[in-house]
Amino acid sequence: MAAGELSVRTVVSTDDVLDSALRIADTEGLDALTIRRLGAVLDVAPMTLYRYFDSKEDLLDQIADRAVDRFEVPFITSGDWKKQVAAIMTAFRQLLLEHPSLVLLLTTRRVVSVGITRSIEATLSHLQGAGFTGPEAVRAYAGLFAYVLGFVAFEIPRSGPPDAQAENDRMVVNRLHDFAKTRQFPLVDSLADELAEMAHGDSFEYGLARLIDGLGDHVESARAEK
């Protein structure tokens with residue numbers, strides 16, 4: 001090898017490629033995930049990477065599958081379907097927080113993998129066990145999935161280290177109070193602290209519980225009408 005020539009690997013594992021791509025997407029954003037950037041991280045010539053995927057779109061599909069396939073359906077001993085469904089949706093939120101690139105991937109492409117199918121099966125099973133018909137269970141799952149995905153999409157830009165999050169909350173409170181000085185927004189003024197914390201976990205849990213309660217009320221009403 002000539003002096004000053006860089007050593008470039010010609011063989012890497014598929015796991016290394018996908019794990020590195022997912023890490024770049026999660027920490028730097030999907031825009032930063034380029035073939036050149038991935039090659040630099042892996043010390044591989046960019047053209048070598050096309051052995052592992054056909055295109056950038058194929059790579060995005062594969063990393064979405066890889067992240068979602070890590071989803072494990074939580075096991076809880078309670079036989080209460082509401083607690084079972086809440087546990088699955090809470091675990092789904094945690095997965096999205098661990099892999100923030102998934103939020104955009106799931107909203108821009110159809111991701112069908114073993115992991116997400118496993119969670120769908122478990123959720124539908126609990127819903128049907130609670131009395132939902134098959135089509136109703138699918139619609140209920142769609143609402144739950146959209147709630148979690150939407151909440152995390154709202155939550156991620158407002159999350160961060162505790163100190164930074166607290167500072168951001170204070171900034172939001174101060175701005176809300178400033179707007180309320182016009183006396184046009186008395187409710188916003190009185191609830192500024194709570195509004196600043198909308199993207200916190202407590203809000204997620206509250207909204208999820210109310211959504212599941214509403215689904216339960218629907219089932220009970222349907223039973224009463226029969």
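Begin with the aromatic rings of this predicted model, where the count comes to 8 aromatic pairs. Select Phe71 and Phe92 for the opening view: their ring centres lie 6.3 Å apart and their planes stand at 85 degrees, and because planes over 60 degrees apart count as edge-to-face, the pair is edge-to-face. This pair links distant parts of the chain, since phenylalanine 71 sits in the loop between α3 and α4 whereas phenylalanine 92 belongs to helix α4, with their positions 21 residues apart in sequence. Both phenylalanine 71 and phenylalanine 92 are buried.

Keep Phe92 selected and add Phe145. The ring centres of phenylalanine 92 and phenylalanine 145 are 5.2 Å apart and their planes are at 20 degrees, so this pair is stacked. Phenylalanine 92 is in helix α4 and phenylalanine 145 is in helix α7, so the pair ties together parts of the chain that are 53 residues apart in sequence. How buried are the two partners, in terms of relative accessible area? Phenylalanine 92 has a relative accessible area of 8% and is buried, while phenylalanine 145, at 18% relative accessibility, also counts as buried, because the cut-off is under 20%. If you now add Tyr141 and bring Phe71 back into the selection, you have one aromatic cluster, formed by Phe71, Phe92, Tyr141 and Phe145.

With those four residues still displayed, turn to the enclosed space. A search of the whole structure finds 1 cavity of 30 Å³ or more, and about 80 Å³ of space lies in the largest cavity. Select its lining, which consists of Val68, Phe71, Ile88, Met89, Phe92, Leu95, Ile116, Ser119, Thr123, Tyr141 and Phe145; the residues of the aromatic cluster, Phe71, Phe92, Tyr141 and Phe145, are among them. Helices α4, α6 and α7 each give two or more residues to this lining, and α4 gives the most, with 4 residues. By class, the cavity lining has 9 nonpolar residues, 2 polar residues and no charged residues.

Next, go to the largest pocket, which holds about 320 Å³ of space. Of the 14 residues that line this pocket, those nearest its centre are Val111, Ile116, Ile120, Tyr141 and Phe145, and of these Ile116, Tyr141 and Phe145 also appear in the lining of the largest cavity. The elements that give two or more residues to the pocket lining are α6 and α7, with the largest share, 5 residues, coming from α7. In contrast to the cavity lining, which has no charged residues, the lining of this pocket has 2 charged residues, together with 11 nonpolar and 1 polar.

Then widen the selection to the nonpolar core. The largest such core has 54 residues, and those with the most contacts inside it are Leu38, Leu59, Ile63, Leu96, Leu106 and Phe132. Colouring by helix is useful here, since the elements that give two or more residues to this core are α1 (14–28), α2 (35–42), α3 (56–68), α4 (81–98), α5 (101–108), α6 (114–129), α7 (134–155) and α11 (201–225). The largest share of the core, 9 residues, comes from α7. In soluble globular proteins, nonpolar side chains tend to be buried together. For a view of one part of the core, centre on leucine 96: leaving aside its neighbours within four places in sequence, leucine 96 is in contact with Leu102, Val103, Leu106, Val148, Leu149, Val152 and Ile156.

Now select glutamate 155, which is found in helix α7. Is this residue buried or exposed? At 6% relative accessibility, glutamate 155 counts as buried. Not counting residues up to four places away in sequence, glutamate 155 touches Arg93, Leu97 and Ala199. Measure from its C-alpha to that of methionine 198 in your viewer, and the distance to expect is 8.4 Å, although the two residues are 43 residues apart in sequence.

Methionine 198 leads to the last stop, the second largest pocket, in which about 160 Å³ of space lies. This pocket is lined by Phe154, Arg158, Gln165, Asn168, Asp169, Val172, Leu176, Leu195, Ala196, Met198, Ala199 and His200. Here α8 (162–180) and α10 (192–196) are the elements that give two or more residues to the lining, and α8 provides the largest share, 5 residues. By class, this lining has 7 nonpolar, 3 polar and 2 charged residues.

Notes:
Residues numbered from 1 in each chain as written. Predicted model: local features only at pLDDT ≥ 70, side-chain atom pairs only at ≥ 80, totals over all residues. Heavy atoms only, no water. Core = buried A, V, L, I, M, F, W, Y, C linked by side-chain atoms within 4.5 Å. Buried < 20%, exposed > 50% of the residue type's maximum accessible area, 1.4 Å probe, protein only. Contact = heavy atoms within 4.5 Å. 1 Å grid on protein atoms, 1.4 Å probe; cavity = no way out; pocket = protein on both sides within 12 Å on 5 of 7 lines; lining within 4 Å. Points joined across faces, edges and corners; volume = space filled by probe spheres on them. Nonpolar A, V, L, I, M, F, W, Y, C, P; charged D, E, K, R; others polar. Phe/Tyr/Trp six-rings, centres within 6.5 Å; stacked < 30°, edge-to-face > 60°.
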